[in-house]
Amino acid sequence: MKKIVLAALLLCGFVVSKAQFEAGTKYVGASVTNLGLAYNSEKKLHFGLEATGGYFLWDDIMLKATLGYQHNRPHDDNITVGVGGRYYFQQNGIFLGAGAEYCHETKNYNDCRIPLEVGYCFYINHYVSIEPALYYTMSVNDFSDKSTVGLKVGFGLYFGK
């Protein structure tokens with residue numbers, strides 16, 4: 001009897017997780033980013049916020065837009081705007097993301113960057129998820145000093161068709 005109940009619960013979990021990644025689903029998310037991690041030579045306090053909106057064009061594939069603010073103490077705050085995509089693995093909630101973004105620092109430094117991420121969707125309920133992710137952002141203009149590796153933790157809201 002325990003095996004039947006466990007199998008039924010796993011099947012329900014699979015059906016619920018599939019519904020979030022269907023074509024036509026809308027996504028809104030917010031993340032705390034960078035959390036003080038960097039591999040470059042800059043020794044600064046890093047902290048950022050990121051807002052994301054997305055739309056599933058096909059099952060498991062989301063097109064997304066991001067807007068972010070990064071505080072780097074003492075002076076190098078920046079604002080980023082980007083587009084990208086995510087691919088979700090239905091079996092386990094892992095996602096892969098890539099994109100392109102434009103970064104403007106307050107000291108009149110502009111940069112194009114390529115963000116890559118891998119994360120996990122932990123669903124609280126059918127519509128809300130906690131999404132920790134590791135990311136690598138490669139700077140096109142200054143590879144050695146402006147590229148970063150970081151951790152972000154966020155919430156995602158999924159709205160079905």
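This passage describes the fold, the strand pairing, the core and the charged network of a predicted model.

The protein contains 2 helices and 9 strands. Along the sequence, these elements follow the order α-β-β-β-β-β-β-β-β-α-β. One helix thus precedes strand β1, and another stands between strands β8 and β9. Of the 161 residues, 36% are buried. Contacts between residues 24 or more positions apart make up 52% of those with a separation of 6 or more. The exposed surface amounts to about 9200 Å². Carbon and sulfur atoms supply 72% of that area.

Strand β1 spans residues 26-33. In a regular strand, side chains alternate between the two faces of the sheet. The covered face of β1 carries Y27, G29, S31 and T33. K26, V28, A30 and V32 lie on the uncovered face. Two strands pair with β1. Strand β2, residues 46-58, runs antiparallel to β1 and is joined to it over 8 bridges. Within this pairing, T33 of β1 stands opposite G48 of β2. Strand β9, residues 148-159, is also antiparallel to β1, here over 7 bridges. In that pairing K26 faces F159 of β9. The pairing of β1 with β9 brings together the opening and closing strands of the α-β-β-β-β-β-β-β-β-α-β pattern.

The largest nonpolar core comprises 9 residues. Its members are F21, Y27, F56, M62, Y88, F95, C121, A133 and Y158. Y27 belongs to the covered face of β1. Beyond its sequence neighbours up to four places away, Y27 touches T52, G53, G54, M62, R86, E131, F155, G156, L157 and Y158. Among these contacts, M62 and Y158 are fellow members of the core. R86 and E131, also touched by Y27, take part in a salt bridge with each other. C121, another core member, counts as buried because its relative accessible area is 2%, under the 20% limit.

Strand β3 covers residues 61-72 and includes T66. T66 counts as buried because its relative accessibility is 12%. Outside the four nearest places in sequence on either side, T66 touches E50, A51, T52, T80, V81 and G82. One of these partners, E50, belongs to the salt-bridge network described next.

The model holds 6 salt bridges. One joins E117 to K64, with the closest N and O atoms 3.0 Å apart. This pair links distant parts of the chain: E117 lies in strand β6 (residues 110-120), K64 lies in strand β3, and 53 residues separate them. Both ends of the bridge are covered. E117 counts as buried because its relative accessibility is 8%. K64 is likewise buried, at a relative accessible area of 10%.

E117 forms another salt bridge with R86, where the closest N and O atoms are 3.1 Å apart. Here E117 of β6 is linked to R86 of strand β4 (residues 78-88), 31 residues away in the chain. R86 counts as buried because its relative accessible area is 6%. The side chain of R86 also meets that of E131 in a salt bridge, at 3.4 Å from N to O. This contact again connects distant parts of the chain, with R86 in β4 and E131 in strand β8 (residues 128-139), 45 residues apart. Both R86 and E131 are buried. Through shared partners, salt bridges join E50, K64, R86, E117, E131 and K152 into one network.

The structure holds 0 disulfides. C112 is in no disulfide, and the nearest cysteine sulfur, that of C103, lies 9.5 Å away. C112 counts as partly exposed because its relative accessible area is 42%. C121, in contrast, is buried at 2%.

Note on methods: Residues numbered from 1 in each chain as written. Predicted model: local features only at pLDDT ≥ 70, side-chain atom pairs only at ≥ 80, totals over all residues. Heavy atoms only, no water. Helix = DSSP H or I, 4+ residues; strand = E, 2+ residues; numbered from the N terminus. Buried < 20%, exposed > 50% of the residue type's maximum accessible area, 1.4 Å probe, protein only. Contact = heavy atoms within 4.5 Å. Areas by Shrake-Rupley, 256 points an atom, 1.4 Å probe, with all protein chains shown as cover. Pairing = 2+ DSSP bridges. Core = buried A, V, L, I, M, F, W, Y, C linked by side-chain atoms within 4.5 Å. Salt bridge = Lys/Arg side-chain N within 4 Å of Asp/Glu carboxyl O. Disulfide = S-S within 2.5 Å.
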